[in-house]
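User: Could you take a close look at one part of this model for me? I would like a connected account that I can follow with the structure open.

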Amino acid sequence: MDLELVTIGTELLLGFTLDTNSAFLGQALADIGVRITRRTSVPDEPAAVSAAVAEALFRTRLVITTGGLGPTQDDLSKHAVAELFGAPLEFHPEIWETITARFARMGRTLSERNRCQAEVPQGATVLPNPRGTAPGLWLSGPRGEVIMLPGVPGEMRGLVREEVLPRLAARAGGTVVRSLVLRTTGIPESTLAERLAPVEETLAPLTLAYLPSLEGVDLRLTAWQSDPHAADRALESAGARLRERVAEHVYGLGEEDLAAVLLEDYRKHELSLAVAESCTGGMLGARITAIPGSSAVFSGGLIAYADAIKQELGVPARILEEHGAVSEAAVSAMASKARERFKVSVSVALSGIAGPAGGSAEKPVGLVWFAIADAEGTETHRAVFPGSRQEIRIRASQYALWRLWRRLRAGVPPTAAPTRL
């Protein structure tokens, strides 16, 4: 089953609001075998809404709209679609009573402007919205069907799960569009594609998409219009084949965060962790502490940005003078001294040139040195990242997490914490 999506809101086109609704709808509908074939965004203008919905109905006869159901003057979606269907608006007292009761529970004053939210196109099915004041609407007619949903993400998602998906699933024929996402990092997209080329030829009828981001490349396998069990088996088999080719770079599935994966592995091995950061300025520590329960593993860190602070950490002045702050020797000393200071199993340090200025032929912008210290010793890595200052910092933080994860997975046992010297 195919449908089109029309997202309504001038704020979407101006870039003030990110359209997370479309991503949610794409995934939720695919799980029941419904495919979004086209997505159109239009401003809060009746003519634009009417034209977009009419064109979408002509192509698929089934349309979902989001936005434009509120009480303000720019919420005109309902009027435009009602006119398109030749369905005059009718006031529903029971909806008005529900809205009144909701405002009373919240201790808020109800405005007469909210009355328009109790108006429903003649013949439309009302989709109750316990999370807000604007109910969803389902209109049917000779042109086809339009499912109108509020634009507030929490309200829209609740209506989709509780009202829309059950109705559409009953008509979808039991097939699904299902995806499996493998999360990779530490490998460029071109290199990844080169390694997977021999396997790609064996994946059909599944499709493989490469989804690059600052943190890595997601590999999305998709089974189209398939039996659910057959889709799961095919995706699992194909996913295993991809893993065989790039196992050291695949750290998770779906939306798993590398920091969460790392912390869970460290927790299982009863390891503790500390960081010493320079160019990332606390970004790595923030990635780690954003994960609930990180305190079971993460002891703390130090932002050793200036050379004077690196020396306070214990980096010898001689190293900074001879090799510079962005060097293998400097990060090795930072990592070992951080491990001593925080008395942890493992420490990681990084120092680099995030730009946009400060680079040279020998040390270009984007150069970052990494060091990991544990009971087995210290390993170092050098990387040069492209992009803006912020992008380089994000990539460096992800790379540090990946190197920590790889060292543990490779079997190096970073066990006992050091004593202070």
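User: Leaving aside its neighbours within four places in sequence, which residues is Glu 379 in contact with?

Analyst: Happy to help. A word on the basis first: this is a predicted model, where local features need pLDDT of at least 70, side-chain atom pairs count only at pLDDT 80 or more, and totals for chains, interfaces and linings use all residues. Residues are numbered from 1 along each chain as its sequence is written, and side-chain values use heavy atoms, with hydrogens and water left out.

Beyond its neighbours within four places in sequence, Glu 379 is in contact with Phe 370, Ala 371, Ile 372, Arg 403 and Arg 407; contact here means heavy atoms within 4.5 Å. Glu 379 belongs to strand E17, residues 377-384 (helices, H or I with at least four residues, and strands, E with at least two, are DSSP runs numbered from the N terminus). Arg 403 is 24 residues away along the chain from Glu 379, and their C-alpha atoms are 9.7 Å apart. The side chain of Glu 379 also makes a polar contact, at 2.8 Å, with the side chain of His 381. Such a contact is a pair of N or O atoms within 3.5 Å; within protein, one must be able to donate a hydrogen and the other to accept it, and residues adjacent in sequence count only if both atoms are side-chain atoms.

Now for the pockets. On a 1 Å grid over the protein atoms alone, a pocket is an open set of points with protein on both sides within 12 Å along at least five of seven lines, and lining residues have an atom within 4 Å of a point. The largest pocket has a volume of about 770 Å³, volume being the space filled by probe spheres set on the points, which are joined across faces, edges and corners. Its lining has 24 residues, with Ala 23, Gly 26, Gln 27, Ser 179 and Arg 220 nearest the centre. Helix H2 (20-30) and strands E2 (35-42), E9 (176-184) and E11 (216-226) each give at least two residues to that lining.

The second largest pocket, about 400 Å³ in volume, is lined by 27 residues, and Gly 67, Gly 68, Pro 150, Gly 151 and Val 152 lie nearest its centre. Helix H1 (10-14), H2 and helix H6 (153-169) are the elements that supply two or more residues to this second lining.

Technical notes
1 Å grid on protein atoms, 1.4 Å probe; cavity = no way out; pocket = protein on both sides within 12 Å on 5 of 7 lines; lining within 4 Å.
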